[in-house]
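Let's take a walk through this structure together. Keep the viewer open and follow along as we go.

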Amino acid sequence: MNRPIPIGTTVVMERTGETMEEMYVNMGPQHPSTHGVLRLMLKLDGEYITDCIPYIGYLHRCHEKIGENRNYTQVIPYTDRLDYLASMSMNFGYVLAVERLMGQKVPERAEYMRVILAELQRIASHLIWLGTFGLDLGNFTIFMYCFREREMILDLFESVTGQRLNYAFYRIGGMPMDFPDTFLTDCQAFLSWFKQRLPEYDAIMTDNVLFQKRVQGVGILTPEMAVDYAVSGPMLRGSGIKWDLRRNDPYSIYDRFDFEIPVYDTCDVWARYLVRRKEMEESVKIVEQALAQLPPGEVMAKMPKTIKPPAGQIYSRNESPRGEIGFYLISDGSPKPYRYKVRSPAYVNLSALPEMLRGCLIADCVAVLGSVDIVLGEVDR
Amino acid sequence: MAPEEILNQIKARFGEAVTEGEVKGVEVRLTVKPEQSWEVCRFLRDSGLEYFNCLSGADWMTHLEVVYDLSSLRHATKVHLRVPVDRGNPVIRTVANIWRSANWHERECYDLFGVRFDGHPDHRRILLPEDWVGFPLRKDYTDERLVPYTDYGAEEKVPKAEAGKPGATEAKPLKPPTPPHPATA
């Protein structure tokens, strides 16, 4: 129910004759459902939200300034910590930006490794989103189920990179080392296990009438607004716009794989939920195809000892689980970037939150915020 | 519209304001003077570049620069627009009334570079606290709390013969500065 109320009006209750004024409620930086240190100032008229003012910056760690004082390879571990739930995608975006700036080609096997790891990371990120989204709405079981599957992915990543989180595994020019011998069988075992789990998630969430009633018709973001706010990723596809950078602005070897782009046009939280739920299935398909096509060979191109891209600029964009992650690099020919800017999808998607919350009930705030899928690490950098 | 056509139309309409312009593949790269930047942006939006990817600041020592990255969801054209801004008085007209997405990007540019956006509906800092003084991403930003980055491993090695002597007067190898404890800072 979206009830437009001009801000500042005094509502007179017909029955009792009392007047209600606007009230401010602070959803403070410490809150179990804000997915990080986010402060939302909600302007309420009774239970209806008339406006929402997000305050960010609690996790600002001077990422861009640090990037200007490190050489290009040293920035890679910092990119992990941007969107720490999708570190592989952040690494991927950054090394792709530098390689585009240098015109560097990457060996075939490294390209396949990158796609496999990025898509497994997409599944892991969507699992966290699904688990915490359900948890916010009161469904504890889905949280446990999702994190069980995510542990299997983290075990895979640990066997490849040595790390469970913050892998720093991509390098400019390829990958630092090859997959271990056990990876192929382990990954296929995980995928066959995971495909059987997806119907379980459906039984708990997608087919659950209680869940549907809470998310359908809530948090509307029309396609025109979505484009005006430049949202990306599942938020854009949940508003009916078929735009996925893996298809529309292809990078790496995504054009060799056969996968669908799920799009739903109800523009509400339900649509975004379905988009991410479907994307997990599509990522499984991509990983299966990539594992089948994985060529032998080296994984790192011949790179100079110091990486010094030619002077120039580039804005390079990738499809991370949250949307369009863009890296804007200015190089002046030295080993350190002159200007390094990160265009993070959650930052831009969060700016559309006031638009979506206007007219919602306060109980819907958590559902809408969960559907934006923010990670404060990349919002604040 | 095709990239070449966009560039030609902009050059035709805004002649002297366009200081540089070229087409690289599907991307139009432009440099425009700040006086006409809002009109150029309005024209670009009307030509079909409705998706505002990014706005970033850049500090070239002689001047600041605001960089716009635009694209379209319907065709492959991209535009990379650079607007140099005077360093002493960096003011540029806001494009938040053309693309809503520019709102938060411009706030961040103001926060970190100090570029003021004329007509911005909510002109305040976004990432840093409201009472922060200074604009950190400028190249001449100083703060006594900034620890200079040391290239560990690149210092002079202490000669082995004198390393064992107590009270050696040679310079000891540099140790990394210990970060302040969060509870004591």
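Helices and strands here are DSSP runs, numbered from the N terminus: a helix is H or I over at least four residues, a strand is E over at least two. This is a predicted model, in which local features need pLDDT of at least 70 and side-chain atom pairs count only at pLDDT 80 or more, while totals for chains, interfaces and linings use all residues. Residues are numbered from 1 along each chain as its sequence is written, with chains lettered from A and ligands numbered from 1 in the order in which they are written.

How far does the predictor trust this? The model scores ipTM 0.88 and pTM 0.86. For pLDDT (the predictor's confidence in each residue, from 0 to 100), chain B averages 82, and 81% of its residues score at least 70. Among the elements of chain B, strand E1 (residues 18-24) has the lowest confidence, at a mean of 85, and H3(B) the highest, at 93. Be wary of residues 159-170 of chain B, where the pLDDT is below 50. Beyond near neighbours in sequence, that stretch has five contacts in the model; two residues are in contact if their C-beta atoms, placed from the backbone, lie within 7 Å.

Now for the layout of chain B. You'll find three helices and seven strands, and from the N terminus on they run α-β-β-α-β-β-β-β-α-β. Of the contacts in chain B with a separation of 6 or more, 48% are between residues 24 or more positions apart. Of its 185 residues, 32% are buried. Here a residue is buried if 20 or more other C-beta atoms lie within 10 Å of its own, exposed if 12 or fewer, and partly exposed in between, with C-beta atoms placed from the backbone.

Look next at strand E4 (residues 63-71) of chain B, where eight of the nine residues are buried. E4(B) has partners in E3(B) and E5(B); strands count as paired if DSSP finds at least two bridges between them. E3(B) and E4(B) run antiparallel and are joined by nine bridges, with B:Gly57 partnered by B:Val66 in E4(B). The hairpin between E3(B) and E4(B) goes through two residues. E4(B) also pairs with strand E5 (residues 78-85), again in the antiparallel sense, over eight bridges. There, B:Val67 stands opposite B:Arg82 in E5(B), and the hairpin from E4(B) to E5(B) goes through six residues.

For a link between distant parts of the sequence, find B:Trp38 in helix H2 (residues 37-46) of chain B. Its C-alpha is 6.2 Å from that of B:Arg93, although the two are 55 residues apart along the chain. Leaving aside neighbours within four places in sequence, B:Trp38 is in contact with B:Arg93 and B:Val95. Is B:Trp38 buried or exposed? B:Trp38 counts as partly exposed because 19 other C-beta atoms lie within 10 Å.

Where does chain B meet chain A? The contact takes 21 residues from chain B and 25 residues from chain A. On the chain B side, strand E3 (51-60) and helix H3 (102-113) each give two or more residues, and E3(B) supplies the largest share, six residues. By class, that side has 13 nonpolar, five polar and three charged residues. Ala, Val, Leu, Ile, Met, Phe, Trp, Tyr, Cys and Pro count as nonpolar, Asp, Glu, Lys and Arg as charged, and the others, Gly among them, as polar.

Over in chain A, pick out helix H5 (residues 140-161). H5(A) has 22 residues and reaches 31 Å from first C-alpha to last, close to the expected 32 Å, which is 1.5 Å times one less than the number of residues. Its buried residues include A:Ile142, A:Tyr145, A:Met152 and A:Phe157. The buried residues of H5(A) lie on the same side because they cover an arc of only 160° around the axis, taken from the directions from the helix axis to the C-beta atoms. As a general point, an α-helix has 3.6 residues a turn, so residues three or four places apart point the same way. The buried residues of H5(A) pack against helix H4 (108-136) and helix H6 (183-206) of chain A, while A:Phe140 and A:Met144 are exposed on the other side.

Just after H5(A), A:Gly162 takes a positive phi of about 90°. Most residues other than glycine have a negative phi. A:Asn166, in the loop between H5 and H6 of chain A, has a positive phi of about 55° although it is not a glycine. A:Ala168 is in the loop between H5 and H6 of chain A too, with a positive phi near 50°. A:Asn166 is partly exposed, with 16 other C-beta atoms within 10 Å, whereas A:Ala168 is buried, with 20.
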